[in-house]
Amino acid sequence: MSQIVRLKDIVVRFYTYEGVVKALEKVNLFVKKGETLGLVGETGCGKTMTGLSIFNLIPSPGRIEGGEVLFRTKEGRIKNLLSLDEAGLQRIRGAEISMIFQEPSASLNPVYTIGDQVSEVFLTHREKALLKNTIKKIDEELQESKGELLKRFILRFEKNIYERIMRNKDPLLIRILNKIPLIRRYRRRLEAEAKKQAISLLRDLGIPDPERVADMYPYELSGGMQQRAVIAMALACNPVLLVADEPTTSLDVTIQARILELIRELKRRFDTTVLFITHDLGVIAEMCDRVAVMYAGNVVEIADVKEIFRNPLHPYTKALMESIPQPGKEYKTIRGVVPNLINPPSGCRFHPRCPQAVEICAEKRPELLEIRKDHFVACHLYDGEER
Amino acid sequence: MGMKAYIVRRVLLFIPTLLGVTLLIFAILQFFTPEERASAYIRGTPKNPDVIYRVIEKYHLDAPLHIQYYFWITRVLSGDLGIAKSAGNIPVSVALLKGIPATFELVIFSIPSIIFLGIYLGIKSAVNRDKASDHIIRIFSIIGWSLPTFWSALILISIFYGGLGWVSAGRLSNEAYGVVTSPNFIRYTRINTIDGILNGQLWITIDALKHIVLPVINLTIISVALIVRVMRSSMLEELSKGYILTAKAKGLSNDVVINKHAKRNALIPVVTISGVLTAGLLTGVVITETVFNYKGIGYFAAHAALQMDIPSVLGFALFVGLVYSVANLIVDITYAYIDPRIRVE
Ligand SMILES: Nc1ncnc2c1ncn2[C@@H]1O[C@H](COP(=O)(O)OP(=O)(O)O)[C@@H](O)[C@H]1O
Ligand code: SF4
Ligand SMILES: [Mg+2]
């Protein structure tokens with residue numbers, strides 16, 4: 001199976017007044033085509049930043065300070081997204097990789113309608129196809145409107161503009177036209193076309209009465225419906241990779257199940273690869289093929305779901321498994337506290353809390369190594385260093 | 001869409017607001033004795049005290065309050081605000097009407113320059129946070145903000161009128177004034193820039209524009225900082241929100257992210273403070289017109305106040321109340337236009 005994306009030694013730091021937050025310290029992982037990779041770990045361990053680094057969208061005062069994100073595009077070319085220019089990134093974001101976030105109400109712009117926000121994705125990434133459809137429609141109207149001089153004049157004018165955009169002629173002129181109130185109206189046809197597609201997408205995602213919903217503002221929808229709209233925006237252009245960052249954490253339990261089911265179904269239907277971020281091991285078991293476990297800015301273990309649950313190797317993963325509340329079993333919390341990432345522990349960042357720590361753990365950082373086939377662990381217990 | 005219903009509701013609210021404004025001014029009037037109030041309706045100083053008593057009786061100035069208010073508001077609505085002693089004993093309403101076009105001309109040039117410049121600089125400042133352009137914009141807007149209005153006006157006058165000798169103060173040069181007041185120049189609107197065009201005398205328009213530039217700059221200097229500051233901080237806040245990250249993750253260009261997504265949300269607080277801005281602008285107008293010898297309504301009010309011309313000052317107050325209420329009406333409607341959440345409730 002080929003890899004869709006591979007993160008190599010990603011380093012992310014935040015430059016705050018309190019000091020430099022070493023949020024990600026050489027994160028390594030890859031996602032295979034067609035799979036769902038779960039990314040699990042406690043709050044603050046760097047799951048969201050790992051997801052955002054794929055988009056090269058770390059918010060300030062954060063910066064990506066090292067590493068590569070190797071992404072296989074739809075055309076089959078491999079690109080390092082961290083060395084791509086802004087225009088190149090914009091062509092990939094939203095079209096080939098998409099992200100959905102934890103809080104649907106915060107992900108939607110409160111002052112634009114749902115239809116507008118979904119259409120935007122089509123207008124950005126599918127302009128050519130929209131233009132083609134629009135020009136065809138204008139031609140039909142020109143056929144029908146023999147004799148209506150003014151109407152024909154306007155139609156001709158609009159067609160001319162559309163054809164110019166299509167041929168990507170004088171983009172500056174187009175940009176200026178777009179700022180002039182009355183002339184800007186020519187875009188209405190394009191927008192109407194995009195909105196039609198948006199409505200049909202909303203219908204596909206199980207939103208009842210999509211025509212009405214398209215004209216609604218985010219505050220008029222429930223959390224579950226908002227998240228469906230966000231998923232619609234993410235899947236509009238049929239991306240190869242979907243990063244889902246705790247998409248159900250802020251929703252009611254019953255709605256959670258429905259959204260998870262929706263993501264599973266869409267994944268099947270669109271053949272999308274998913275990076276599924278969560279802190280909930282139950283959701284991991286339900287959704288994922290493989291799991292990557294993160295601790296304090298490092299990926300500490302990667303393996304198949306079954307393997308991770310049956311045979312966790314890293315002491316942190318073991319502790320995490322034992323902390324799942326289960327009937328009839330003792331519930332153990334992990335001793336100690338989550339480290340401060342301004343002054344993280346030396347060597348293995350887990351060593352102050354690790355029950356199996358040995359001397360070298362405080363000195364040397366363990367590398368993520370393939371201990372068994374498809375089972376990666378970053379721990380000195382397995383790399384021969386403890387002897 | 002609830003926009004229409006919202007506008008209707010908001011316009012209906014305008015009526016009690018206006019009633020409140022008139023009641024307030026009527027209340028101020030009660031500080032004066034009937035005799036003093038009567039003298040407001042008499043040209044010059046009456047030789048015979050009977051004249052005053054006749055006015056009191058005719059205008060019901062000693063009647064119970066509600067009756068007094070009824071007669072007073074009827075007179076106000078028919079345009080009788082008393083006599084402006086500080087403006088050569090013409091009716092206050094006439095004096096106001098003479099000044100309004102000049103002030104309107106001043107304000108109509110100032111408001112767009114304040115709003116567009118303020119929003120533009122605020123966005124620029126926020127987008128380039130902590131870079132050189134941000135610092136420069138912030139320093140200049142703080143200076144503009146802290147300069148007293150008359151001070152900035154005097155600096156502008158001494159540089160451009162005194163030092164560089166561009167034009168003199170006033171609304172027009174003497175030559176243009178002569179033409180404008182001559183019988184074959186028709187003052188359609190009393191707004192010189194427009195009347196110049198309507199009379200086919202473009203040089204009058206240019207002359208008027210030259211005279212209006214500095215007062216407009218002065219009003220802009222003192223008001224733009226408020227918009228810049230509010231726009232900058234609200235823009236910074238919006239840019240850190242989740243929907244901006246979503247917009248970027250959708251592949252939108254920076255231009256769209258900033259000028260579509262963040263800007264519209266960031267404008268909400270700016271619209272809210274625009275009401276305050278109107279108040280500031282009105283005071284600014286009084287001082288600016290006085291210093292620039294620009295004969296608008298602010299100039300009229302300042303001179304009336306200096307000469308204790310009560311009817312004129314109250315007439316001006318009524319005008320200010322009206323302008324303020326209309327400004328707030330516009331603010332509220334714009335607010336609802338930008339933010340759909342306001343329209344419901
Ligand atoms: N804006 C920020 N300023 C400073 N540090 C931040 C900021 N955002 C994230 N971090 C740091 O990055 C770490 C990882 O954050 P995040 O990826 O959001 O964690 P998760 O998604 O696993 O809860 C946090 O522990 C925090 O220290
Ligand atoms: S490297 Fe050492 S401290 Fe870290 S998890 Fe392994 S045993 Fe524990
Ligand atoms: Mg997170």
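**View 1. Asp209(A) and Arg212(A) pair up through their side chains in a salt bridge, with 3.0 Å from N to O.** Keep in mind that this is a predicted model. Asp209(A) has a relative accessible area of 40%, so this residue counts as partly exposed.

**View 2. Here a salt bridge links Asp134(B) to Arg138(B), at 3.7 Å from N to O.** Both residues sit in helix α6 of chain B, which covers residues 132-146. They are four residues apart, about one turn of the helix. Is Asp134(B) buried or exposed? Its relative accessibility is 0%, so Asp134(B) is buried. Arg138(B), for its part, comes in at 32% and is therefore partly exposed.

**View 3. Salt bridges with shared partners tie Arg13(A), Glu25(A), Arg63(A), Glu65(A) and Arg349(A) into one network.** One of the links runs between Glu65(A) and Arg63(A), whose closest N and O atoms are 3.4 Å apart. Glu65(A) has 34% relative accessibility, so it's partly exposed. Arg63(A) is partly exposed too, with a relative accessible area of 46%. Zoom out to all chains and the structure holds 33 salt bridges.

**View 4. Across the interface, Lys250(B) reaches Glu120(A) in a salt bridge, the closest N and O atoms being 2.8 Å apart.** How many salt bridges are there between chain A and chain B? The count is three. There are also twelve residue pairs in polar contact between the two chains, counting pairs with both residues at pLDDT 80 or more. On the chain A side, α1 (47-55), α2 (86-92), β6 (97-100), α3 (104-107) and α4 (114-125) each supply at least two of the residues that touch chain B. The largest share comes from α4(A), with six residues. Sorted by class, this side of chain A has 15 nonpolar, seven polar and five charged residues.

**View 5. The whole contact draws on 27 residues from chain A and 25 residues from chain B.** About 2200 Å² is buried between chain A and chain B, and carbon and sulfur atoms give 59% of that area.

**View 6. Chain A, pulled back for context, has 14 helices and twelve strands.** Its C-alpha atoms fill a box of roughly 90 × 45 × 45 Å along the principal axes. Chain A has 387 residues, and 50% of them count as buried. The accessible surface of chain A is about 18500 Å², with 52% belonging to carbon and sulfur atoms. Take the contacts in chain A between residues at least 6 apart in sequence: 64% of them join residues at least 24 apart.

Definitions and conventions:
Residues numbered from 1 in each chain as written. Chains lettered and ligands numbered in written order. Predicted model: local features only at pLDDT ≥ 70, side-chain atom pairs only at ≥ 80, totals over all residues. Heavy atoms only, no water. Contact = heavy atoms within 4.5 Å. Buried area = accessible area lost by both parts, 1.4 Å probe. Salt bridge = Lys/Arg side-chain N within 4 Å of Asp/Glu carboxyl O. Polar contact = N/O pair within 3.5 Å; in protein donor to acceptor, adjacent residues only side chain to side chain. Nonpolar A, V, L, I, M, F, W, Y, C, P; charged D, E, K, R; others polar. Buried < 20%, exposed > 50% of the residue type's maximum accessible area, 1.4 Å probe, protein only. Areas by Shrake-Rupley, 256 points an atom, 1.4 Å probe, with all protein chains shown as cover.
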